[in-house]
Structure formats: structure tokens, C-alpha cells
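Morning, everyone. I have one structure to walk through today. Let's put it on the screen.

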Amino acid sequence: MSVTYDRVALIGLGLIAGSMALAMRRAGLAGEIVGTARSAETRTIAAEIGLCDRVVDTVAEAVANADLVVLCVPVGAMGAVAAEMAPHLAPGATVTDVGSVKAGVIAAVAPHLPDTVHFIPAHPLAGTEHSGPRSGFAELFDNRWCLLVPVEGTDDAALGRLRALWQGMGANVDVMDAEHHDLVLAVTSHAPHLIAYTMVGVADDLGRVTDSEVIKYSAAGFRDFTRIAASDPTMWRDVFLNNRDATLEILGRFTEELFALQRAIRKGDGDHLFDYFTRTRAIRRGIIEAGQDTSAADFGRGGKP
Ligand code: NAP
């Protein structure tokens, strides 16, 4: 694979930035990778483990002469970081991000950027419940989707170059508009996370089943909820605050369906339950056939970080 960008600046050095650094290095996609993070602790760890070629103390130093700048901070922090880096961006650079919400990030970031740079928001649909500079791994994006969300008037060549980077890191790439992205992600990621958080909270509150019983017998479905509910609180707070409308729409529909299933259980309407579960089982098969998960009983996650 050939060098796609001469100097890549990673702003924020957690799971996604770390995985990008390792995936870029694996395929030789970047001439140099420069990184920075808010805390001295994270910068020290990143330097110690050699996550980037150079770890620097400030956003200004990181973006200097970079032809690609990637914002890898929580969605709610993107606007402030964009304002801080804007005066130091090299003309012709591409600025992108990896935020889980797109319309809110575009509204927060775009106003700060000079006309001389290309802004191409992105979202890799890959992650784990782990965070921080030690949590990244080079295979995170392999065979996962990365959605590029170009704003109006995006330069085709700049878009093609970013597409090539993500493909080089192992991802499949699609292009989508921001509003549609946010609705799709509300269904596939944001609402499910909220439901998992709720279920784990309910189990924690339930006095009649002890915590040790919940932990001991969790393999029967609950375990996957706990994995999701262990995700980073800052990141997920920001996702819900910034994808409010789409998440509320999906949760409204979810509540209606839940009430219908509740009624079916109360009335003993087995046909309703059976038909519903038959339909949902087909969706699971579709995900496995699309290569986005495995049919292994532990969802294939057993050995993964
Ligand atoms: P992470 O591991 O928690 O790392 C976040 C990084 O952002 C850290 O370096 C942190 O700095 C920095 N940061 C946090 N708050 C900040 C602030 N207020 N100002 C400046 N920097 C700040 O997070 P991540 O999982 O890589 O997520 C990064 C982005 O990717 C988020 O926008 C998230 O929505 C998106 N994303 C996440 C996943 C996932 O599953 N995790 C998947 C796809 C996309 P310190 O370490 O110094 O605190």
C-alpha cells in the first residue's frame, strides 16, 4: 500500500485514534503520525508505547504542516478543539473526525474552519467498550464500515484520498448525508446502547435478585448488555446530547413496540410473540450473512479485547 498522507495529526489519543495509528502503520499509509491529547498522562502513555511517531503537547504543534487532521475526541469536545486548531491548519489540508454523531459535529466544527481546508466528516462503525491510549488495535476496522459524510461542495479528489485511507485501514466505505447517518445510527447503535444501560440499571436496582446472582447467571443474554453498558460515559453522554431528535424518535417507536409485546404477554397472545421473534431472527441471520458478526455462541468476541 502507498503513502496516502505525508503527515497525519491525531487529536485525542484513545481507542479510535490508537487503532487508526496502528492500522495506518500496518499498511504504510502515513509518512508521519503526530498525536496529541488533552492530559499529560495520556500523552506520556502514548509516547511510552510508541503509538505515534511523535507525541506533542499542543493541538497547534500537532496540526502544523499536517495534510490530514483527525479529530478523535468526544463529540461534545469537537467544537472547542476545532476553534483551537483552526489558526494553525496548513492550507489544502483535509480535516476529518470520527465522531459517532454527524449533524451536531458539522454544526460545531465547520464554522471554525478556514476556507483553505477540506472538511470531510467520517464515522468508523467499529469500536469496543474499552477506551484510552492502550485500547487500540490494528484490526479494529477490518471489514467494518466507515461512513463518509461530505458537506456541500466537497472536493472529489480530497474525498477519494480519505476513502483510500479508510480502505487501506481495512474498512469498507460508504457515503451518506448527515441527517440520514444520525437516524441510521440511532437505530443501530444509540438506542441499543440506551436500552443496555437501562437493563443493567434495572438489574442493579432489583432488590429480589442479588448482585452476585446477576453476575453468576449473566450468560443467558444479560452479559452482552453489561459489555455495552461498560462503554465510556463521556462519549455516550455526548452521543445522546448531540443526536437527540433521532434517538428520541427511535425510542418512541421502541416504547410502542415494547407495550405491544407487554400486552401480548399479558393476554397470552403466543402468535404475536412467535411472529415477532421470527421476524427478528431473520435480521440476525442477515447480519451474519453480511459478515458483520459471527454465529458463534459468544458472538465471536471471546478472545477480542
Ligand atoms: P477515548 O478512548 O475515550 O479517547 C478520547 C480522547 O479524547 C482522549 O485522548 C481524551 O483525552 C480526549 N478528550 C476527552 N475529552 C476531551 C475534551 N473535553 N477536550 C479535548 N480532548 C478530550 O474515546 P474513543 O472511543 O477513541 O472515541 C473518540 C471518538 O470516536 C468519539 O467522538 C466517539 O464518538 C467516536 N467513536 C467511538 C467509537 C467507540 O466504540 N469507542 C466508535 C466509533 C466512533 P485524555 O485521554 O487526555 O483525557
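I'll take the sheet, then the ligand site. Keep in mind that this is a predicted model.

Start with the sheet. It is open and has six strands. The order is 3-2-1-4-5-6, and the pairing is parallel. Which strands sit at the edges? Strand 3, residues 54-55, and strand 6, residues 118-119. Each of these pairs on one side only.

Now look at strands 1 and 2. Strand 1 covers residues 5-11, and strand 2 covers residues 30-36. They run parallel, joined by six bridges. I11 is opposite T36 of strand 2.

Helix 1, residues 15-27, packs on this sheet. It touches strand 1, strand 2 and strand 4, the last being residues 68-71. The helix direction makes about 160° with that of strand 1.

On to the ligand. There are 26 residues around it. Which come nearest? R38, S39, T42, V73 and S100. By class, the shell has 14 nonpolar residues, 11 polar and one charged.

Three polar contacts are worth showing. T42 puts a side-chain N or O atom 2.5 Å from a ligand oxygen. For S39, a polar side-chain atom is 2.6 Å from an oxygen of the ligand. L13 uses its backbone: a polar atom there is 2.8 Å from a ligand oxygen.

How much of the ligand does the protein bury? Alone, the ligand exposes 900 Å², and the protein buries 84% of that. Two elements give two or more residues to the shell: helix 1 and strand 7, residues 122-124. So much for the ligand site.

Key:
Residues numbered from 1 in each chain as written. Predicted model: local features only at pLDDT ≥ 70, side-chain atom pairs only at ≥ 80, totals over all residues. Heavy atoms only, no water. Pairing = 2+ DSSP bridges. Helix = DSSP H or I, 4+ residues; strand = E, 2+ residues; numbered from the N terminus. Contact = heavy atoms within 4.5 Å. Axes fitted to C-alpha atoms, helices over the stretch in contact; angles between N-to-C directions. Near = heavy atom within 4 Å. Polar contact = N/O pair within 3.5 Å; in protein donor to acceptor, adjacent residues only side chain to side chain. Areas by Shrake-Rupley, 256 points an atom, 1.4 Å probe, with all protein chains shown as cover. Nonpolar A, V, L, I, M, F, W, Y, C, P; charged D, E, K, R; others polar.
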